[in-house]
Amino acid sequence: MSTTEYIIGSGEPPLVTGNHTFASVTEHICGIPEGKQPTWWYLAFGGALSLLMVLAGSIGYLIWEGTGIWGLNNPVGWGWAIINFVWWVGIGHAGTLISAILFLLRQRWRTSINRFAEAMTLFAVMCALIFPAIHVGRIWVVYWMFPLPNQMSMWPNFRSPLLWDVFAVSTYFTASLLFWFTGLIPDLATFRDRARTKIKRLIFGFLALGWRGGNRQWRHYELAYLLLAGISTPLVLSVHSVVSTDFAISIIPGWHTTIFPPYFVAGAIFSGFAMVVTLSIIARKLYHLEDFITLNHLEKMNKIMLLTGMMVGYAYSMEFFIAWYSGNIYEQFAFINRATGPYAWAYWIMISCNVLVPQLFWFKNLRRSIPVMFIASILINVGMWFERFVIVVSSLANDFLPSSWDYYSPTIWDILTFIGSFGLFFTLFLLFIRFLPIIAMAEVKGVMPQAKVEHTEVAHE
Amino acid sequence: MKFDAKSYRITEDGRVGQVALIIGIIGLVLTATGYFVDKAQFYHSYLTAFFFWLSIALGGLFFTMLHHLVGAKWSVVLRRLAENIMICIPLLAIFLIPVLFGIGELFHWSHPEVVAQDHLLQLKAPYLNVAFFIIRAVFYFVIWVLLARYLLRLSLAQDGGHTESISKRMRVASAPSMILFALTITFASFDWLMSLDAHWYSTIFGVYVFSGSLLAMLAFLMRIVLYLDGVGTLRGIITREHWHDLGKLIFAFIVFWGYMAFSQYFLIWYGNIPEETVWFLHRWEHDWQYISLLIVFGHFVIPFFVLFPYSTKRSRPVMLVMTIWILAMHWVDLYWIILPNLHREAVKFSWIDFAPMLGIGGIFIRFFWSRVRVTPLVPVGDPGLEESKRLVSH
């Protein structure tokens, strides 16, 4: 067995296949933004931009007309906007988990996927932040969410989890951006060095912050990266825990349950990995990244989906069991109503997609089948959207006062705003592919066999 | 103590086994005396000690399965110690018997006349009744014993050869076993701890108990590692690098435990529904608040800051103190869960609280040590052993 295929002594399959050299990695990854974009890129970008216009139009009309254009009613005061917010924030979590927690756990396979998973995090959080912002109704005073001194002495309510969200998500966005940018610096310097026009050289030179790749620079860089990983790790847990408190601190049956914080975090990682798999299958195909994002990478992500899917399943069953065990008729009603009531269809979509679909990944051949994991990853994100739908809508629509119960249906504006948010996400993502290295070149080179040059003792028989 | 570095076996040991056995017997005699002095106190103290040692053994089972499942390399040298901890589960099955005899003293839902007066308990009766309770307890132990014995048998077989194929079998077995483990430890903690206050409920309770259990097991493992190092065995095999990684894992689970504890407390406090807050109220009145605060600071704040720096996790004296401290805090945590059901009006420490800790603990360590004596201290057949020995932690 040649050393380029197996790292001596570890017995692990290689993380980068195809006999790449450092130069060929640089050529391949830099070639994507440097070369001419394929036709599909323009088509996709056109499509994404159109959807972005749909988002802009929907938000414009919302601001003009007010939240009455949505399907909200009394008692369902929270509808698609909050569902979409939680869904998009959740998707972001995989990026941070890959970049921070897997880094601390010395999982070297993360290097092939961390760059665009982190980009996905940033764009998903941007999409998420739109929804609570436009939900406030009077968007021109949205800055009141921040504790800004003012002559009316009005302050946000610090006891409200909605305010904690403002801090949690904005901290999360800032830390993720810094982390992503720090990771980009060596690659930006490569871009600078390869730039053919003066403008490009200036821009990349500015962004590369004077990176020369010296020993001291690497030492500082590694330390900064480690510290940022340490700072970002609690954020993986805290952000969705805070989001879960939006529901769990209230006393609405189906919302008020102590397992919510870890349950939401597991669900967030679950949906985030599903999104990473969806995107990486497309990206590796279109840009021929099969040598970098190998089936082993995808299989590992599928295993994480199997694990987190079952954690979510555990939380569903605990909620159900404790609702019965509590003896509290309101709790019991909330859960039986979910499974059999007017929103039972949504509940069973959730269970099928989130609990049953990941069970496919018990089987190695299904775990390594691109079509299976592609469809499964999309179904999982459908399921995770419905999970939030079930939580938000079913508990509100059938609350304590049966006389005020009402069935919730979205309007065309709910749907267009949600679809439009994909426009924002994909526009940003396509621009990212167009201008930045989608694989962390410097890091990938570090896990290639050629990088392991230290003396290794080989037993002599 | 003499250690043969070739076979990784202890050839001549000190008096660990004898000392543990003597302490165990004295402890059990005292425990038995406690039964005649104060029956209710005896059962509550006994349950605390039983769950304390059980949680360490279950932590060993989880650690072993997790190691196989993720294909961990760094912890290969620790695996056999974890396996020897998990194989104490059958021993604890014997120590379950007094708990079953104590159902009447421990669980007020077991009295038909109480249930007759209590609408909620009537609703819960299909789950909370003596027969089903015993069936479940037996069922949990059957699962745990089978898992522990199966994994240990494979592991010992690996010492003799067929290393790759056995590694794979252990990995394959660990995945579905994790599901069984998660469900059994959850319902065991509902049964033996949560149902002590039968009206109260919390969906996170199983995960809360699990997090504390694994933390205690990691501290126990670290303490054993430090002991073996101190008596001169395993030098150059389990190194400071492993201490550091184990220390990091302990740190991570201190945070994880804190996260679970905070989630449970915070959501109940904020929701402020009397049927839920009453559980914490009982732990905040009549001097119980000092125990509550001790847990906040002792179980989270202090270990968090002590174990945060790089140097402390690699420091022998610090880790010696902290492992004992964490184990003590785990006991306080269980005490805080169990004893307010007996002494609602005041914190009353009794010598009976400590007797079963020594009794079960002495026998536990004696049993553990006898396993350590007869098996190589590391899984000699594991293909990752050499790599694990060379670990460098950052």
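This is a short walk through the enclosed spaces inside the structure above, which is a predicted model.

How do we look for a hollow in a protein? Rolling a probe the size of a water molecule over the atoms shows where empty space is left. For this model, the count comes to 5 cavities of 30 Å³ or more. Let's visit two of them.

Start with the largest cavity, whose volume is about 110 Å³. Its lining is made of 14 residues. To find the spot in your viewer, look for His256(A), Thr257(A), Ile322(A), Tyr201(B) and Thr203(B), which lie nearest its centre. Notice that these five names come from chain A and chain B. Two elements of chain A give two or more residues to this lining: α9 (295-326) and α10 (329-340). Of the elements, α9(A) gives the most, with 4 residues. What kinds of residue surround this space? Sorted by class, the lining has 5 nonpolar, 6 polar and 3 charged residues.

Now move on to the second largest cavity, with a volume of about 40 Å³. Here the lining residues belong to chain B, and they are Phe51(B), Tyr208(B), Val209(B), Gly212(B), Ser213(B), Trp257(B), His330(B), Asp333(B), Leu334(B) and Ile337(B). Which helices should you trace to see this lining? In chain B, α10 (205-230) and α15 (316-338) each supply at least two of its residues. By class, this lining holds 6 nonpolar, 3 polar and 1 charged residues.

Definitions and conventions
Residues are numbered from 1 along each chain as its sequence is written. Chains are lettered from A and ligands numbered from 1 in the order in which they are written. This is a predicted model: local features need pLDDT of at least 70, side-chain atom pairs count only at pLDDT 80 or more; totals for chains, interfaces and linings use all residues. Side-chain values use heavy atoms; hydrogens and water are left out. On a 1 Å grid over the protein atoms alone, a cavity is a set of points where a 1.4 Å probe fits but cannot get out, and a pocket is an open set with protein on both sides within 12 Å along at least five of seven lines; lining residues have an atom within 4 Å of a point. Grid points are joined across faces, edges and corners, and a volume is the space filled by probe spheres set on the points. Ala, Val, Leu, Ile, Met, Phe, Trp, Tyr, Cys and Pro count as nonpolar, Asp, Glu, Lys and Arg as charged, and the others, Gly among them, as polar.
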